Amino acid sequence: MLYKSFVDSFSDYIIDRNEDKCILCRICERQCSYEAHGFDKKNSVMTKQDHKCICCRRCEAMCPTGAISIRENPSQFKRNSNWTASHRKNIYKQAETGGILLVGMGNPTGKQPTYFDRMLLDASQVTNPSIDPLREPMELRTYLGRKPDRLEFEEKDGRVSLKTKLTPQLKLEYPIMFSAMSYGAINYNVHVGMARASQKMGIYYNTGEGGLHKSLYPYGANTIVQVASGRFGVNAEYLNVAGGIEIKIGQGAKPGIGGHLPGEKVNEEVSRTRMIPAGTDALSPAPHHDIYSIEDLRQLIYALKEATDYKNPVSVKIAAVHNSAAIASGIVRAGADILTLDGYRGGTGAAPLVTRNNVGIPIELALASVDQRLRDEGIRNHVSIVVGGGIRSSADVVKAIALGADAVYIGTATLVSVGCTLCRMCFTGKCPWGIATNDQSLSKRINPDIAEEKLSNLIRGWGLEIKEIIGGMGLNALESMRGSRHRLRGVGLSESELDILGIAPAGK
Amino acid sequence: MFYEKDISGCGLSGFIDKSKKRVSGEEIIKSIALQHDRGNGLGGGFAAYGIYPEFKDYYAFHIMYDNMNALATTEELLHKDLLVKHYEKIPVRRTLKIPTHPILRRYFVKAKPSEEEYELLDIESLDEDDFIVRLVMRINSEVKGAFVFSSGKNMGAFKGVGFPEDVADFFKLDEYHGYIWTAHNRFPTNTPGWWGGAHPFTLLDWSIVHNGEVSSYGINKRYLEMFGYKCTLFTDTEVVTYILDLLIRKHKLSKELACKVLSSAFWKDIDNMDDIDQKVNTALRMVYGSALLNGPFAILFAYKNGLIGLNDRVKLRPLIVGYKGDRVYMSSEESAIRIIEPDLDTVFAPKAGEPVIVEFEAEA
């Protein structure tokens with residue numbers, strides 16, 4: 001049996017250092033927060049511990065001479081399709097600790113289909129002209145919030161004006177928002193980047209459940225503040241400074257359980273913002289302890305509306321689960337202005353592996369069934385649908401909108417744009433890229449100015465691509481794409497999947 | 001849920017006499033015949049208003065049947081739910097150009113809901129028009145081989161497979177007299193050659209002739225379904241008719257505002273409007289975005305009180321308007337107006353998304 005820990009016994013990755021290129025500058029050693037690199041002073045050589053490498057590729061990127069490359073260890077457990085290597089590794093680890101296995105980011109196994117990849121988009125040919133976004137207006141503006149079924153107008157002195165009083169709406173110049181990632185799970189500098197980029201691009205970012213640092217209050221108009229079961233950092237000022245409020249019921253990566261922030265990440269500033277003691281684990285309860293039924297949810301929705309004088313729309317976020325459609329209907333009728341659905345492939349800073357890999361359903365199916373259910377009940381207008389959990393590209397955005405989403409949340413894509421390489425070790429607090437860490441020196445690896453620029457670039461770039469795609473379909477406003485499922489076709493899907501998605505197979 | 005897209009290019013023409021002077025169908029036939037090359041002989045049709053003065057208080061149902069079975073089933077429904085004042089074969093002229101046609105009948109009717117139905121209507125606070133709409137939807141979606149292609153008062157649609165001048169000849173339109181006429185010449189690229197697929201599309205006294213393709217059909221249809229409209233024809237023009245019915249008849253929007261929904265202002269222009277207009281246009285787009293008619297189109301939309309011409313928001317299809325005395329002409333081509341009225345007072349091309357609305361001067 002193993003007499004030292006599993007992770008010390010086997011290496012998943014191998015650090016290749018080209019000694020001819022290495023100049024012994026020791027940058028790799030300083031950059032690696034996992035101490036995989038070392039320096040042997042006596043012999044004046046660089047050392048390495050392959051088993052500590054998490055394949056974040058920070059050292060590779062920083063090495064001034066390109067001496068380092070990280071590769072997968074070709075030496076693997078004997079192949080077994082049923083008892084995969086990961087099953088065995090997990091058992092070894094659990095046998096050591098007797099605990100729950102924690103993981104970071106979304107499920108990487110790819111064992112379930114990604115329906116976005118099984119759907120293809122339409123384009124115009126001859127009979128209706130495609131529209132060129134370089135030459136014609138192409139509109140992406142989106143309003144999130146409850147809409148009435150009909151409008152009333154009145155005429156006074158020969159002028160027609162709006163009589164219906166609309167409830168508050170969030171105005172988005174792009175149908176994309178930075179999704180809920182709490183201050184604490186990711187650090188202050190990333191939050192500054194998201195806040196500024198949101199303001200610059202006319203979109204919103206979501207604080208996640210960790211409260212809002214006071215210095216970010218000036219960006220409140222582009223901020224959605226979250227109220228989760230832990231109620232971290234929730235106070236009247238927090239609610240009122242924001243543009244919108246989100247009640248977090250569930251998260252796609254871990255439906256049924258609450259948020260976990262390990263105490264290692266709770267420093268002074270995080271502690272102040274969350275209103276909890278420094279160094280303590282911030283464990284949100286699985287349910288809200290004041291919500292044990294849909295009517296309780298209604299009370300919280302209206303309590304938040306009351307607290308903000310009905311000037312902020314209230315979103316309710318749920319994880320995509322088997323019965324999402326019926327739950328969604330209840331949430332709309334309970335008074336939510338925005339319904340946020342978070343899919344099975346969604347990311348997380350920390351979640352139990354067993355939950356992340358096994359609970360929930362893909363966002364495409366949940367979205368399709370929720371949108372159709374709300375239409376069947378004639379209440380689709382009463383709510384805006386925002387989806388997250390698996391949006392990787394502008395094509396995914398367009399497909400989600402065609403299925404019926406009003407806008408999307410991007411979490412993982414947000415972090416990747418500021419350098420995350422998906423090494424999936426967020427829960428350790430040692431993020432070498434300076435994102436999922438509050439360590440003072442690691443955090444400095446994110447420059448808020450550059451983060452703002454990269455995040456804005458991502459939104460702009462996706463926006464341009466969305467315009468190309470909808471223009472190619474002969475549309476010049478995103479609302480004509482929204483819910484327009486006949487511009488989608490399925491490839492390699494079963495009849496029941498096509499039926500749930502509400503799309504025809506390609507060729508038909 | 002799947003449909004054969006009605007991909008078509010077309011020609012259209014129409015005019016209104018604001019003094020309600022009725023004229024024979026000869027003029028409109030001449031105008032649409034000039035645009036012969038805009039169609040391919042697979043669909044032509046007309047709508048005429050003021051043609052049934054003797055039955056002006058009755059809904060005039062024009063129905064086409066594939067077979068006698070469909071006729072019998074439908075008539076059973078009609079006699080059960082409607083008071084049928086008069087019915088007859090739609091008079092036709094045998095012509096070589098129209099070698100075959102469906103069974104054609106017209107009925108002048110009033111609603112006669114059964115006690116049970118009356119109670120249901122009352123519960124949902126619906127009126128006679130709603131009752132008629134439901135019946136039309138029901139026949140069109142449930143009775144195989146029957147299709148109501150006209151259901152308004154003192155107006156009628158006449159349409160079929162063929163060039164419009166031949167369809168007119170077939171229906172003897174030269175013998176009808178009306179104060180609004182619209183016409184359509186169709187160039188479908190994948191039509192099954194079905195008579196019901198030709199324009200105009202009508203519901204109650206709304207009639208639409210449409211040159212265009214509704215690129216937003218998918219969401220327009222799903223939006224309408226929320227309000228109980230069933231899109232049955234497997235073509236896209238139908239949604240235009242239903243959207244107008246929903247906005248104008250059910251939601252009581254003015255014609256101008258309804259046009260602003262179909263062909264909405266751009267945000268860049270809305271942002272520069274004054275506060276009142278900004279609120280109006282922003283709200284229209286927020287609430288009725290799913291009814292925006294995206295894609296190229298020129299439509300003529302006729303109803304009991306007038307005629308409207310409208311282009312899509314970037315004007316991807318032609319539409320010309322000409323004025324002469326009490327007459328206002330609207331057409332795909334100026335030549336098609338000039339051939340019936342060479343001496344126009346004014347002629348212009350309406351701007352993208354700006355409706356031309358012409359109503360009768362005073363209600364008689």
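This is a chat about a predicted model, covering the contact between chain B and chain A and then one strand of chain A.

Trainee: How many residues does each chain put into the contact?

Mentor: Chain B gives 46 residues and chain A gives 47 residues, and the area buried between the two chains comes to about 3800 Å², with carbon and sulfur atoms giving 59% of that area.

Trainee: And which residues of chain B lose the most area to chain A?

Mentor: Those are Arg222(B), Met226(B) and Met286(B), which together make up 19% of what the side of chain B buries.

Trainee: How many salt bridges are there between chain B and chain A?

Mentor: The count is seven salt bridges, including one between Asp271(B) and Arg141(A), where the closest N and O atoms are 2.6 Å apart.

Trainee: Which helix of chain B supplies the largest share of the side that touches chain A?

Mentor: Helix 10 of chain B does, with 11 residues, and the residues on that side of chain B divide into 24 nonpolar, nine polar and 13 charged.

Trainee: Switching topic, is strand 17 of chain A mostly covered or uncovered?

Mentor: Strand 17, residues 314-319, is mostly covered, since six of its six residues are buried. Val314(A), Val316(A) and Ile318(A) point one way while Ser315(A), Lys317(A) and Ala319(A) point the other way.

Trainee: Why do they alternate like that?

Mentor: In a regular strand the side chains take turns between the two faces of the sheet.

Trainee: Which strands pair with strand 17 of chain A?

Mentor: Strand 14 of chain A pairs with strand 17 in the parallel sense over four bridges, with Lys248(A) standing opposite Lys317(A), and strand 18 of chain A pairs with strand 17 in the parallel sense over five bridges, where Leu341(A) is the bridge partner of Ile318(A).

How values were computed. Residues numbered from 1 in each chain as written. Chains lettered and ligands numbered in written order. Predicted model: local features only at pLDDT ≥ 70, side-chain atom pairs only at ≥ 80, totals over all residues. Heavy atoms only, no water. Contact = heavy atoms within 4.5 Å. Buried area = accessible area lost by both parts, 1.4 Å probe. Salt bridge = Lys/Arg side-chain N within 4 Å of Asp/Glu carboxyl O. Helix = DSSP H or I, 4+ residues; strand = E, 2+ residues; numbered from the N terminus. Nonpolar A, V, L, I, M, F, W, Y, C, P; charged D, E, K, R; others polar. Buried < 20%, exposed > 50% of the residue type's maximum accessible area, 1.4 Å probe, protein only. Pairing = 2+ DSSP bridges.
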